[in-house]
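This report describes the chains of one model in turn. Please keep the structure in view while reading.

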Amino acid sequence: MIRFNLLSVFILVLTCLSFFDPTENKFTSYDIQLSGPDSIQMQSIPGSAHEGVDSFWMSAHEITWDLYEHFLFRDIDYAPLNQEFGPLSMDIDAISSATTPYVDMSFGMGKDGYPVINVTQYAASTFCRWLTAKTGHFYRLPTDDEWEFACRAGSESKYCFGNSARELKEYAWFTNNANQKYQPVGLKKPNRYGLYDMHGNVAEWVVDDPTKPNKQKLPLYPRTVRGGSWKDDSKSLTCSARTLSSKEWKKHDPQLPKSLWWHTDAPFVGFRIVRPYQAPENYEDWWVKPIKDFGF
Amino acid sequence: MKKLVPQPEDQTRRDFVKKVAVASSGIMFSSLPLSAAVSIDGTDEIKVALIGCGGRGTGAASQAINADPGVRIVAVADVFEDRLTSCLNTLSEAHANSAALKTKPQSFIGFDAYRKAIDLADVAILTTPPGFRPAHFEYAVEKGKQVFMEKPVATDVVGIKQILKAAKVAKQKKLNVVVGLQRRYQKSYVEVEKLLRKGKVGDIIGGQVYWNSDGVWVNERQPDQTELEYQMRNWYYFNWLCGDHILEQHIHNIDIANWFIGTHPVLAQGMGGREVRNGKDHGQIFDHHFVEFEYPTGAIISSQCRHQPGCLSRVDERFQGTKGNVIVDSSSKGIMKNYKGKVIYQHNGSSDVNPYQQEHNELFDAIRKGEFRYQDAENAAHSSMTSILGRMATYSGQAITWDEAMNSDLDLGTNVTSWDDPPPVLPDTMGQYPIAKPGKTSFLS
């Protein structure tokens, strides 16, 4: 059975490889037209059999408050979609809603055009689930491998552009230039895949691959964010750097159980989304399951 | 404010336990088995009753358990059985191996459940919707219990007076009272306040305090609910229970103004309304208030609170002194600068203890050591009253003095003691509740 699966993965990779030809129009970048001006630019990223990464699309930007609040307030669940609905049909009503936070989760750093922060991995993943129901295409958080592959964009250096931390300020918001807060997405140079803010601004949730052994029952902490943030120095912003979540990220949540949806002490954590070129059969396995948080 | 009453150095834990028992009223001795009143064999249990089993109450009980290994949750009380059950389940999951819950807490359900639960405890945690707080606090103090209670402490003037009266009794009985205005237990605020007292930015002459955010939860009406149950499930939107968000939430920021200036204001005037959040599910409360508070020192504090999604979010407090300015917020920001822009103090709070835990750590440390250290009730009553004064100003559109407000004896009818009682407010035939209209509404509402 395992051998069969490996074989089919191999065949799948070969199939995907056939789409790497840039003249082939089936695997190109596109926009998710969510509501009015709120859209998500999805960049096509050809996979690599050598790296073991299948082709996928990734959002060019970190998900902003403007986008996330459509999920938070559920204000466009039944609004008509301005583009063709995908093949996946799900009941949007059955998707849990994030709670309205008691405190201001943007910490006064701005919302319009700024990345959403303080979201838990579960919340970020449930946004993807909601987006799937909304569009009919499968969205999820990137895997650790996909994230790094996308960040490097072919580079084998510390950063997507090379090894020089001096050049970093052209690509990233971090402690040297961010003025102690996050910044609007997309103001710095993108990498070769057209992805903005992979280094810095807000660190981004990744999800473990549920098809790999022992990935189904992860503890709530620690989990992984990538790319570093406005609070970090250059060392934490490299393509290979990881930051691990901890219970401290909900230090100021006075309730019990603590919120499934919000961190109170992670104003440096956001996310971006991916859509695999080929939606997996058991796609629901890719969405993060809620785990009650008792603060330890 | 926080007076330390030193105890003899040779006091033992057994003395402490006796002291707790003595501080408790005689009724405790007469009506309870000895083991419930005092551990005579030298074990050092602190019996805690939780009144109000929502998410915050469950959190507070958990923080109490974390604060001291001797804490035992002996009783829980709520009007809703489902809330009580889910609270007990959460606590036993979260503290599976803790001695705090080894003996299953006694459960009491109903409007008078608080009395039965408080009777069994040394410490009462009061975390129901604020409308009920005065009655609960008064009873806990009467019975000689130490208290942790959430803010605000009342929703109307009669409630404020009840709290102030009970606060005096608590002081006489040397009962520690901690109120969940947790910024007062947050290191960044504590350090900045100390530096203010030392005159680092001179005297405060003005300030701005903000809680501008998206708003909070709404619980929709269910078909099987009575009117009273609906209001109690959706309590945030009813003034007798919640007091409007200028009180329930913005009190945190207003309290900082009172704390830093050192007293409460003498006058308020302002404006407000319901512009965006104005549906049937939204009861009576406004979605924005803007108030100017005048202090006896002449300082003017502008207070803004708004629950409107999509607008600028801002929750912090800033003050202008004669020599410099201050900005503080709950994420442990604490920056003091002079008027040349030079930083006088910048707090680094990355390793500070969570203030919600800290307030319990301090309370239970005082109780453990048999010390009388905390008497937060009076300040909390004044800050609650400051918010109520602001609400009176925005509801009426008039300038109102502190004394006028206090003499009004505004009573929102919180004395609901049974499911058969009529709720103090009722919807009209269109399903709308009475809502203040500035210029027409008397401040007495």
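## Burial and contacts in chain A

In this predicted model, 55% of the 296 residues in chain A are buried. The contacts of chain A can also be sorted by distance along the sequence. Among those with a separation of 6 or more, 74% are accounted for by residues 24 or more positions apart.

## Fold and dimensions of chain A

Chain A contains four helices and eight strands. Read from the N terminus, their order is α-β-β-β-α-α-α-β-β-β-β-β. The radius of gyration of chain A is 18 Å, and the globule rule gives 19 Å for 296 residues; because these values are close, chain A is as compact as a globular protein of that length. Along the principal axes, its C-alpha trace spans about 50 × 50 × 40 Å.

## Surface and charge of chain A

The exposed area of chain A is about 13400 Å², and 52% of this area is supplied by carbon and sulfur atoms. Chain A carries 31 positive and 36 negative charges, and the mean positions of these two sets lie 6 Å apart.

## Fold and dimensions of chain B

Chain B has 15 helices and 15 strands. Its radius of gyration is 22 Å, close to the 22 Å given by the globule rule for 445 residues, so chain B is as compact as a globular protein of that length. The C-alpha trace of chain B extends over about 60 × 60 × 40 Å along its principal axes.

## Burial, surface and charge of chain B

Of the 445 residues in chain B, 59% are counted as buried. Where contacts in chain B link residues at least 6 apart in sequence, 74% of them join residues at least 24 apart.

Chain B has an accessible surface of about 17800 Å², with 50% of it belonging to carbon and sulfur atoms. The 50 positive and 51 negative charges of chain B have mean positions 6 Å apart.

## Confidence in the model

The model as a whole scores ipTM 0.76 and pTM 0.83. For chain B, the mean pLDDT is 91, and 90% of the residues reach 70 or more.

Which part of chain B has a pLDDT that stays under 50? This applies to residues 1-42 of chain B, for which the model has 68 contacts beyond four places in sequence. Predicted coordinates should not be read in detail where pLDDT is low.

Notes:
Residues numbered from 1 in each chain as written. Chains lettered and ligands numbered in written order. Predicted model: local features only at pLDDT ≥ 70, side-chain atom pairs only at ≥ 80, totals over all residues. Heavy atoms only, no water. Helix = DSSP H or I, 4+ residues; strand = E, 2+ residues; numbered from the N terminus. Rg over C-alpha atoms; globule rule 2.2 N^0.38 Å. Buried < 20%, exposed > 50% of the residue type's maximum accessible area, 1.4 Å probe, protein only. Contact = heavy atoms within 4.5 Å. Areas by Shrake-Rupley, 256 points an atom, 1.4 Å probe, with all protein chains shown as cover. Lys, Arg positive; Asp, Glu negative; His and termini not counted. Charge placed at Lys NZ, Arg CZ, Asp CG, Glu CD. pLDDT = per-residue confidence, 0-100.
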